[in-house]
Amino acid sequence: MDVLVTGGAGFIGSHFVKRLLPADDIGQVTVLDALTYAGHIQNLGEAFLSPKLTFVEGNILDRPLVDQLVQRHDAVVHFAAESHVDRSFYAAGAFLATNVIGTQTLLDAAQRHSVDRFVHVSTDEVYGPLLTGSATEDAPLRPSVPYAASKAASDLIALSYWQTSGVPVCVTRSSNNYGPHQHPEKIIPLFVTRLLKGEPVTLHGQGQHVRNWLHVADHCAGVELALRYGTPGEVYNLGGGTDLTSRELTSMLLEACGATWEAVTYIPDRPANDLRYSMDCSKAMQTLGYRPQHDLEEGLAQTVEWYRTNPDRWAPLLRKAATQLELAATAVL
Ligand code: NAD
């Protein structure tokens with residue numbers, strides 16, 4: 001199987017490419033990535049040693065390029081997205097362009113060239129906040145922020161191509177990922193990099209927001225299962241990590257970085273900061289054999305170690321992000 005991976009120079013896409021390349025039944029893997037502020041060729045690292053990998057710098061909105069690339073592959077795994085919630089508050093247009101129209105551009109090409117598989121990677125944020133219980137795949141979509149709304153729109157347009165044109169789409173929805181080389185604008189690396197520098201971190205509200213934390217390797221394993229065994233037209237929730245309030249997460253990060261609560265200040269909550277996300281993942285477990293394996297404490301220790309030993313990778317990104325957008329010393333879960 002030859003696979004086109006969009007967004008493969010980003011955080012999750014690059015982990016996925018490195019996971020996929022060694023498999024004997026995987027032929028050529030092409031990464032299509034625009035290398036926005038969030039994409040970095042170094043994320044692919046040792047993947048370039050594989051003769052099976054081709055990297056193409058380009059935009060999923062570039063229809064001729066997308067058409068040419070999709071034509072040469074059996075499957076598409078679509079990670080490329082504008083992915084940072086905070087940015088979507090003041091740059092929603094970019095989110096709609098990449099996340100919705102970009103997805104549609106890929107689907108049009110997939111339809112024209114009859115790909116065998118199309119995995120659209122999405123998020124638990126499309127379900128919106130849940131005060132109790134857990135969302136199954138057929139729960140209503142109630143996104144609160146432009147990022148989540150653009151992902152919900154892209155999920156629906158992807159599923160509609162299965163209904164109308166038979167494009168064999170599977171949608172995966174994952175909870176919050178963590179792991180090495182995530183962009184330092186996201187909460188875990190933002191807190192870790194600040195704490196490692198001896199700088200303060202800030203918590204929204206009372207630190208009561210609940211998120212499910214999934215190791216990036218577990219997410220990638222789930223996406224690969226959907227690629228290989230997913231049923232077209234189906235959605236698969238990929239969670240099953242550890243539920244933590246942002247206060248509990250902060251406590252673990254302080255310990256992992258050797259810092260204390262003196263480093264933490266509280267600021268007023270931001271608008272539409274959903275109190276709790278929760279997904280029921282029994283469908284992926286029962287039908288795909290999905291089983292998250294990573295222990296949160298060990299995974300966080302490994303993640304902190306990566307940031308401790310690779311300041312040359314993240315420090316320039318923080319500087320760039322800060323100048324671009326005056327990134328506040330806060331993050332949204
Ligand atoms: P990321 O921001 O680290 O990576 C996104 C990648 O897409 C970057 O390499 C960027 O250069 C590329 N890209 C952006 N716009 C593009 C365009 N127009 N054309 C081509 N490439 C473009 O994001 P991530 O955290 O790795 O997330 C990957 C996917 O997983 C996204 O679809 C996101 O919605 C989804 N997801 C992420 C999480 C999470 O916790 N990070 C959780 C659930 C779902």
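# Questions about a predicted model

Reader: Which residue of β5 does Ala75 stand opposite?
Author: This is a predicted model, and strand β4 (residues 75-78) is a good place to start in it. β4 runs parallel to β5, and 4 bridges join the two strands. In β5, the residue opposite Ala75 is Arg117.

Reader: β5 also pairs with strand β6 (residues 169-174). Which residue is the bridge partner of Val121 there?
Author: β5 and β6 pair in the parallel sense, over 6 bridges. Look along β6 for the partner of Val121, and you will find Thr172.

Reader: Which helix joins β5 and β6 in a β-α-β unit, and what is the hand of that unit?
Author: The helix of this unit is α5 (residues 146-165). With the strands pointing away from you, trace the path from the first strand over the helix to the second; clockwise is the right-handed sense. For β5, α5 and β6, the unit is right-handed.

Reader: Are the faces of β5 covered or open, and how many of its residues are buried?
Author: In a regular strand the side chains alternate between the two faces of the sheet. On one side of β5 sit Arg117, Val119, Val121 and Thr123, and on the other Phe118, His120 and Ser122. Both faces are covered, and the count of buried residues in β5 is 7 of 7.

Reader: Now to helix α1 (11-20). Which elements do its buried residues pack against?
Author: α1 is mostly covered, with 9 of its 10 residues buried. Among them are Phe11, Ile12, Phe16 and Leu20, and Lys18 is on the list as well. These buried residues of α1 pack against β1 (3-6), β2 (29-33), β4, β7 and α7 (216-229).

Reader: Which element gives the largest share of the shell around the ligand?
Author: There are 30 residues around the ligand, and Gly7, Gly10, Ala38, Gly39 and Ala81 come nearest. The elements that give two or more residues to this shell are α1, α4 (92-112), β5 (117-123) and β7 (176-178). By class, the shell has 12 nonpolar, 15 polar and 3 charged residues. The largest share, 3 residues, comes from α1.

Reader: Strand β7 holds Asn176. Is Asn176 buried or exposed, and why?
Author: A residue is buried if 20 or more other C-beta atoms lie within 10 Å of its own. Asn176 has 21 C-beta neighbours inside 10 Å, so it counts as buried.

Reader: Which residue of strand β9 (residues 210-215) is the bridge partner of Asn176?
Author: β7 and β9 run parallel and are joined by 3 bridges. β9 is mostly covered, with 5 of its 6 residues buried. In β9, the partner of Asn176 is Trp213.

Reader: And in strand β11 (residues 242-245), which residue is the partner of Arg211?
Author: β9 and β11 run antiparallel, with 4 bridges joining them. The residue of β11 that pairs with Arg211 is Leu244.

Reader: What is unusual about the phi of Ser114, and how exposed is this residue?
Author: Most residues other than glycine have a negative phi, and most peptide bonds are trans. Ser114, in the loop between α4 and β5, has a positive phi of about 45° although it is not a glycine. Because Ser114 has 13 other C-beta atoms within 10 Å, it counts as partly exposed.

Reader: His181 has a positive phi too, near 55°. Is His181 buried or exposed?
Author: His181 lies in the loop between β7 and α6 (187-196). It has 22 C-beta neighbours inside 10 Å, so His181 counts as buried.

Reader: How far is Thr231 from Val169 in space?
Author: Thr231 is in the loop between α7 and β10 (235-238), and it counts as exposed because it has 11 C-beta neighbours inside 10 Å. Thr231 and Val169 are 62 residues apart along the chain. Their C-alpha atoms are separated by 8.2 Å.

Reader: How many residues do domain 1 and domain 2 give to their contact?
Author: The domain assignment gives domain 1 (3-177 + 214-238) and domain 2 (183-211 + 242-275 + 295-325). The centres of the two domains, taken over C-alpha atoms, are 25 Å apart. The contact takes 14 residues from domain 1, and from domain 2 it takes 12 residues.

Methods
Residues numbered from 1 in each chain as written. Predicted model: local features only at pLDDT ≥ 70, side-chain atom pairs only at ≥ 80, totals over all residues. Near = placed C-beta within 6 Å. Nonpolar A, V, L, I, M, F, W, Y, C, P; charged D, E, K, R; others polar. Buried ≥ 20, exposed ≤ 12 C-beta atoms within 10 Å, placed from the backbone. Domains from an automatic or database assignment. Contact = placed C-beta atoms within 7 Å. Pairing = 2+ DSSP bridges.
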